[in-house]
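Here is a short report on one protein model. It covers the fold, the core and the charged side chains.

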Amino acid sequence: MASQELAQKLQRRLQLEESGAAAEGEAEAVKGAVAAEEVEERSCLTASAGAELSAKLCRRQDINEGAAQPRRAAVFNPYTEFKEFSRRQIKDMERMFRLYDSGRDGYIDLMELKLMMEKLGAPQTHLGLKNMIKEVDEDFDGKLSFREFLLIFHKAAAGELEEDSGLLTLAKLSEIDVSIEGVKGAKNFFEAKAQALSSASKFEAEIKAEQDERKREEEERKHRRAAFRELKSAFTQ
């Protein structure tokens, strides 16, 4: 009887030891799997960071060698950078840009430029459209930012575009009056204009004109509201 009880205890002890060993083995396996995943994740991150760093270094080398231009900040002041144009002209250009920026992403891509040229009555081939973008595409992204769009009119007015350039056609056919007199005459025209009127005084005069216009509109709204109140009171009496 005692030997049977002892045998049961030994068997029970053996079962406990075996289950403990199995649990330890399972825990070690889980730890190993987690460690392997962490190593793999670190390797992926390292590879990604290495590729990103390599791309940045390659771009920096291209800039240093003159094969690429540094990216300009997305935010700029068109009124100070493009002083040859008035505030009204720049606003007209901005309205035109937004009109054809159908994707509302702040850029005019090739298909949007295609539509623009068709609307202006001067459709271009696919290669012609790509060449138009290439002429002012400073960041090499294959589309036109608003600044690059303004460069079209800047180059056209300064006589920096060829007669057969699609961009010159765009500038001439747009409804924006930038006083383009052709490739030969435009540069002299703007030099004479700059001597006759400084950009600073012109800028200030336009701001004052806009302020006066807003005051006049506000006065008109006040008069209309007063007239409406008088009319309303007359009906309620």
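A residue counts as buried under 20% relative accessible area, as exposed over 50%, and as partly exposed in between. Lys 155 has a relative accessible area of 21%, so it is partly exposed. The model is predicted.

**Fold**

The protein has nine helices and zero strands. Of its 237 residues, 24% are buried. Take the contacts between residues at least 6 apart in sequence: 52% of them join residues at least 24 apart.

**Helix 6 and the core**

Helix 6 covers residues 146–157. At 1.5 Å a residue, its 12 residues should span 16 Å. The end C-alpha atoms are 17 Å apart, which agrees. The helix is mostly covered, with 10 of its 12 residues buried. Among them are Phe 146, Arg 147, Glu 148, Phe 149 and Phe 153. Gly 159 follows helix 6 and has a positive phi, near 75°.

The largest nonpolar core holds 33 residues. Met 96, Leu 113, Met 116, Phe 149, Phe 153 and Leu 170 have the most contacts inside it. Helices 3, 4, 5, 6 and 7 each supply at least two residues of this core. Helix 6 gives the most, with eight. In soluble globular proteins, nonpolar side chains tend to be buried together.

**Salt bridges**

The count comes to 11 salt bridges. Three of the pairs are tabulated here, with N to O distances and relative accessibilities.

| Pair | N to O distance | Accessibility, first residue | Accessibility, second residue |
|---|---|---|---|
| Glu 160 – Lys 155 | 3.7 Å | 47% | 21% |
| Lys 172 – Glu 163 | 3.9 Å | 45% | 53% |
| Glu 218 – Arg 225 | 3.6 Å | 29% | 40% |

At 53%, Glu 163 counts as exposed. Its partner in the salt bridge is Lys 172, which is partly exposed. Both Glu 218 and Arg 225 are partly exposed. Elsewhere, a network of salt bridges links Glu 81, Glu 138 and Arg 147. Arg 147 is also one of the buried residues of helix 6.

**An unpaired buried acid**

Which side chain of opposite charge is nearest to Asp 101? It is Arg 104, 5.4 Å away. A salt bridge needs a nitrogen and a carboxyl oxygen within 4 Å, so this pair does not qualify. Asp 101 is buried yet has no salt bridge. Asp 101 sits in the loop between helix 3 (87–100) and helix 4 (110–119). A polar atom of its side chain lies 3.4 Å from the backbone nitrogen of Asp 105. Leaving aside residues up to four places away in sequence, Asp 101 touches Gly 106, Tyr 107, Ile 108 and Glu 112.

Terms used:
Residues numbered from 1 in each chain as written. Predicted model: local features only at pLDDT ≥ 70, side-chain atom pairs only at ≥ 80, totals over all residues. Heavy atoms only, no water. Helix = DSSP H or I, 4+ residues; strand = E, 2+ residues; numbered from the N terminus. Buried < 20%, exposed > 50% of the residue type's maximum accessible area, 1.4 Å probe, protein only. Lys, Arg positive; Asp, Glu negative; His and termini not counted. Polar contact = N/O pair within 3.5 Å; in protein donor to acceptor, adjacent residues only side chain to side chain. Contact = heavy atoms within 4.5 Å. Expected span 1.5 Å × (residues − 1). Core = buried A, V, L, I, M, F, W, Y, C linked by side-chain atoms within 4.5 Å.
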